[in-house]
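Q: Please take a close look at one part of this structure, the surroundings of the ligand. Then use the answer to introduce me to the rest, as I have not seen this structure before.

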Amino acid sequence: MTKTLDAVIIGAGISGMYMLHRMRGLGLNARVYEAGADVGGTWYWNRYPGARVDIESQEYSYSFSEELEREWKWTERYAAQPEILAYLNHVADRFDLRRDIQFDTRIASAAFDEATGRWTVKTEGGETIDAKFVVAATGCLSVPNEPKFQGQDRFKGPTYHTGRWPHEGVDFTGKRVAVIGTGSSAIQSIPQIAKQADKVIVFQRTPNYSVPAHNGPIKPEVVEAWLANRDQNRQEQRLSPAGFLSSNANEALATQLGDNERRQVLEDRWAVGGFTIGAAFADISVDPVANAMVAEFAAEKIREIVKDPKTAEKLVPRDYPFGTKRLCVDTGYYEVFNRDNVELIDLKETPLSTITETGVTTTGGDFEVDAIVFAIGFDAMTGALSRIDISGRGGQTLKDAWAEGPKTYLGLMVAGFPNFFTVTGPGSPSVLSNMIVSIEQHVDWLSDLFAFMGMYGLATIEAAPESQTAWVEHVNEAASKTLYPVANSWYLGANVPGKPRVFMPYIGGVGAYRTLCDAVAANGYMGFKLRPAA
Ligand code: NA7
């Protein structure tokens, strides 16, 4: 039997939950379909030890309900995964969301019917849903990269992927553990695993830049100041470059300061920690000279912290500009290499050749371990959508439409796919921003659109191909003005063999993007085609 809905929302993470809440407010009959057994999305799956947010807790939270914001008390400057998941569970209960969320249900396909102007959505379990709108709230980092190492099936011990950590946790006491990868997930988890395990061997292909979090209990004065000025803070967040204020973006140019002055700025920010270092100067991400100055400072810090000079040199990134792969924020990452039970293997020096029954073999030798942690990242931004069989006008599949890389208008819609929306899709600021601020912007903008369509009896909206082309050009042009495309990062899909190399997120800034989206809406949804019911 086919279920009829106004909207199918795919995913019960931060986006899907808020979308459901807003749709209900509009009187729409919406239902969320979630592959996991509970709410939380990213924070449901990423339970590896040390997982925590890189944006200060008071900023990484919903703003839509002032009551919610005032009643929830964060305990740490950077909330850890269990606390964020508890918060999202609280939100689900407080707004009674669960009754419209179907868990353990993966969406298999969604097909647009041109005759009816509606979508037929199918679950993997065989349910069929007929809906006017489909909102993909499927997340940007939700599909883990499958490990594809030679010999991996032979390994006799347990293996784990940071993005699919067992819910019951893992006890590494007395174990020798290999960690493959040194991105944010590895950088957060290695110091925790090293506290427990007998031995940790870190297999690094590319070193990452990481800055100290200086995490600790959240300061009451930070909370008070935030709440005392809540409305203004939230407004400033929405119009800021990256959707958060605690990075304290500096307008000064590194290249225009004297050596001492520049060093002082960096030292001060290193002492504060977190993304304040990434926002130390306005020219870091556009001027190679400025970037090199900051990169050198970071390298000096690594050499200061890591006692063994050889290990320190291996940890210094050399292949790409500072911050052009996602800057990591750590708690004791570089320090962990001063422990006797942690060893760093540089896979550029001695490439990984195979996984054996008992461990990992590189061209430099055999490393016997009891467990392997794959911290090898995600099929970012397009991974979740490419795993659903989505077809739009004329039966064209999203896979074909995106064969040369994802194309969207505003990161919200794809030409030829009417009434199908992506939240934090490719072409939106998404992963280059405070995700919650970006999510709320998308969802609010979509909610206004749904209200508009309802009021005027409109049946469909779709992106005009020429607006999409112009937007894709603009997204590329914005990226090309920065140093970001230089790095082989997941922003470009470079971490997935065969994925088209396209800079996916919009780097023009959260505030600028919002202003643009608002102007599009104010001008009768410029660049979109709206059609009345037949
Ligand atoms: P990332 O940042 O994509 O990091 C993955 C790491 O795994 C990175 O160091 C990769 O090295 C390494 N990797 C991937 N494949 C391999 C193979 N085959 N061999 C060796 N090493 C490999 O993912 P995370 O989960 O850490 O972080 C994702 C985001 O989550 C993060 O940026 C934050 O936004 C939160 P590479 O650099 O490709 O050489």
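**The ligand shell and the two domains**

A: The shell around the ligand takes at least three residues from domain 1 (2-39 + 97-143 + 379-532) and at least three from domain 2 (152-374). The model is a predicted one. The shell has 19 residues, and those that come nearest to the ligand are Gly181, Gly183, Ser185, Arg326 and Gly377. Helix H5 (residues 184-196) gives the largest share, 3 residues. By type, the shell around the ligand consists of 9 polar, 8 nonpolar and 2 charged residues.

Since both domains contribute to this shell, their arrangement comes next. The protein is divided into domain 1, which is made of the segments 2-39, 97-143 and 379-532, and domain 2, which covers 152-374. Their C-alpha centres are 30 Å apart. Where the two domains meet, 17 residues of domain 1 are in contact with 16 residues of domain 2. On the domain 1 side, the elements that supply two or more residues are H14 and helix H16 (510-522). That side divides into 8 polar, 7 nonpolar and 2 charged residues.

Helix H14 (435-455) also marks one end of a loop, which starts after strand E18 (420-422) and holds Gly425. Gly425 counts as buried because it has 26 C-beta neighbours inside 10 Å, where 20 or more are needed. Leaving aside residues up to four places away in sequence, Gly425 touches Thr408, Gly411 and Leu412. By contrast, the C-alpha atoms of Gly425 and Asp104 are separated by 23 Å, and these two residues are 321 residues apart along the chain.

Strand E18 also closes another loop, which begins after helix H13 (398-401) and contains Leu410. Leu410 has a positive phi of about 65°, although it is not a glycine. With 24 other C-beta atoms within 10 Å, Leu410 is buried.

Another non-glycine residue with a positive phi is His214, at about 50°. His214 lies in the loop that connects strand E10 (210-212) to helix H6 (220-228). Its 15 C-beta neighbours inside 10 Å make His214 partly exposed, since that class falls between the exposed limit of 12 or fewer and the buried limit of 20 or more.

Helix H8 (residues 259-272) shows buried and exposed residues on opposite sides. H8 has 14 residues, and the distance from its first C-alpha to its last is 20 Å, close to the 20 Å expected at 1.5 Å a residue. Arg262, Val265, Leu266 and Arg269 of H8 are buried. These four residues lie on the same side of H8 because they cover an arc of only 90° around the axis. Helix H9 (288-305) is among the elements that cover the buried residues of H8. The other side of H8 has the exposed residues Asp259, Asn260, Gln264, Glu267, Asp268 and Ala271. After H8 comes Gly273, which has a positive phi near 90°.

To return to the request, the shell around the ligand draws on both domains, with helix H5 as the element that gives the largest share of residues.

Note on methods
Residues are numbered from 1 along each chain as its sequence is written. This is a predicted model: local features need pLDDT of at least 70, side-chain atom pairs count only at pLDDT 80 or more; totals for chains, interfaces and linings use all residues. A residue is near a molecule or strand if its C-beta atom, placed from the backbone, lies within 6 Å of it. Ala, Val, Leu, Ile, Met, Phe, Trp, Tyr, Cys and Pro count as nonpolar, Asp, Glu, Lys and Arg as charged, and the others, Gly among them, as polar. Domain bounds come from an automatic or database domain assignment. The expected span of a helix is 1.5 Å times one less than its number of residues. The arc is that of the directions from the helix axis to the C-beta atoms. Two residues are in contact if their C-beta atoms, placed from the backbone, lie within 7 Å.
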